[in-house]
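Visitor: I am new to this structure and would like a close look at one part of it, the salt bridges. Please set them in their surroundings, in one connected account.

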Amino acid sequence: MNTQKILHTADHISTWVGKAAAWLIVVLMLVVCAEVFKRYALNAPTAWIFDVNNMLYGTLFMLGGAYTLAHDGHVRGDFFYGSMKPRTQAWLDLVLYIVFFLPGIAALTWAGWTYFNESLAMREQTFNATPIPLYPFKFVIPMAGAIVLMQGLSEILRCIVCIRTGAWTPRLQDAQESDVVAQQLAGSEFVDEEARRLAIEQSRTVKG
């Protein structure tokens, strides 16, 4: 298995998890709409709805982390970072991943696993009139941490390759990304055709 295949395998897993988790926003919307109808039309509010909303949104947020990392979507100081050469970017990323990312995510995953086991041992439930199990939601913490850690190790490998070659390896591209950019710019009165073309091309290019 070559390096590019390893990187793309990690990207595929993170992308699949992120897109699967994205459907939770649909479930969350349906749950909220149903609760609004029950509360105001039927005068029959649900005791556990607030807890379910938090669990769904929390799960969506945590499982989306690896997807964002795989597509280089996390916020950074691009004003300085963007002007660096790829090899310098890779060195900076590598140091930050080793010094901050790995210890932080490893601690989150380990603590999350302990947190889940303690919750499972006591069959922890929410505190309301109709309690629901809380430990399945807490399992998402170490699971999400493990997936982000896997993607982070892939990013470290990507940095090492860039340091050796002087160029970033290609990333998996979300097929809809360039389409969204084109759609957003299509009706703009403040962007000329050349700038629009460059923006669409940039959305299709890899990092660096």
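Guide: In this predicted model, the side chains of Arg39 and Glu35 meet in a salt bridge, with 3.2 Å from N to O. The two residues are separated by about one helical turn, because they stand 4 residues apart in helix α2, which covers residues 24-40. Their surroundings can be read from their accessibility. Arg39 has a relative accessibility of 37%, so Arg39 counts as partly exposed. Glu35 has a relative accessibility of 7% and therefore counts as buried. The bridge between Arg39 and Glu35 thus has one partly exposed partner and one buried partner.

This pair belongs to a set: the structure holds 5 salt bridges. Another of them joins the side chains of Lys138 and Glu124, at 2.7 Å from N to O. Lys138 lies in helix α7 and Glu124 in the loop between α6 and α7, so this pair ties together parts that are 14 residues apart in sequence. Both ends of this bridge can be placed by accessibility as well. Lys138 is buried, because its relative accessible area is 7% and the limit for buried is under 20%. Glu124, at 17% relative accessibility, also falls under that limit and so counts as buried.

A further salt bridge is formed by Glu155 with Arg171, whose closest N and O atoms are 2.8 Å apart. Here the pair links distant parts of the chain, with Glu155 in helix α7 and Arg171 in the loop between α7 and α8 (177-186), 16 residues apart. Glu155 and Arg171 are both buried. Moreover, this bridge is part of a wider arrangement: Asp11, Glu155, Arg158 and Arg171 are joined into one network by salt bridges that share partners.

The loop that holds Glu124 deserves another glance. Arg123 is found in this loop between α6 and α7, and its phi is near 50°, a positive value in a residue other than glycine. A comparable entry concerns Asp72, whose phi is near 55°, likewise positive in a residue other than glycine. Asp72 lies in the loop between α4 and α5 (78-81). With a relative accessible area of 26%, Asp72 is partly exposed, because that category lies between 20% and 50%.

The helices named so far belong to a wider plan. The protein chain contains 9 helices and 0 strands, and from the N terminus on its elements run α-α-α-α-α-α-α-α-α. Of the 208 residues in the chain, 35% are buried.

Helix α6, which precedes the loop of Arg123 and Glu124, spans residues 86-121 and includes Leu96. Arg87 is also found in α6, and at 37% relative accessibility Arg87 counts as partly exposed. The C-alpha atoms of Arg87 and Gly166 are separated by 5.1 Å, although the two residues are 79 apart along the chain. On the surface, Trp91, Leu92, Val95, Leu96, Ile98, Val99 and Phe100 form a nonpolar patch, with about 660 Å² of accessible area together. Within this patch, Leu96 counts as partly exposed, at 37% relative accessibility.

Helices α6 and α7 also take part in the largest pocket. The volume of this pocket is about 520 Å³. Its lining consists of 25 residues, of which Leu69, His74, Tyr97, Phe101 and Val148 lie nearest the centre. The elements that give two or more residues to the lining are α3 (49-63), α4 (65-70), α6 and α7 (135-165). Among these, α6 gives the most, with 8 residues.

One other kind of side-chain link remains to be considered. A search of the whole structure finds 0 disulfides. Cys159 is in no disulfide, and the nearest cysteine sulfur, that of Cys162, is 7.3 Å away. The distance explains this absence for Cys159, because a disulfide requires the two sulfur atoms to be within 2.5 Å. Cys159 is buried, with a relative accessible area of 1%, whereas Cys33, at 47% relative accessibility, counts as partly exposed.

Conventions:
Residues numbered from 1 in each chain as written. Predicted model: local features only at pLDDT ≥ 70, side-chain atom pairs only at ≥ 80, totals over all residues. Heavy atoms only, no water. Patch = residues over 30% accessible without salt bridge, like charges linked within 9 Å, V, L, I, M, F, W, Y side chains within 5 Å. Areas by Shrake-Rupley, 256 points an atom, 1.4 Å probe, with all protein chains shown as cover. Salt bridge = Lys/Arg side-chain N within 4 Å of Asp/Glu carboxyl O. Buried < 20%, exposed > 50% of the residue type's maximum accessible area, 1.4 Å probe, protein only. 1 Å grid on protein atoms, 1.4 Å probe; cavity = no way out; pocket = protein on both sides within 12 Å on 5 of 7 lines; lining within 4 Å. Points joined across faces, edges and corners; volume = space filled by probe spheres on them.
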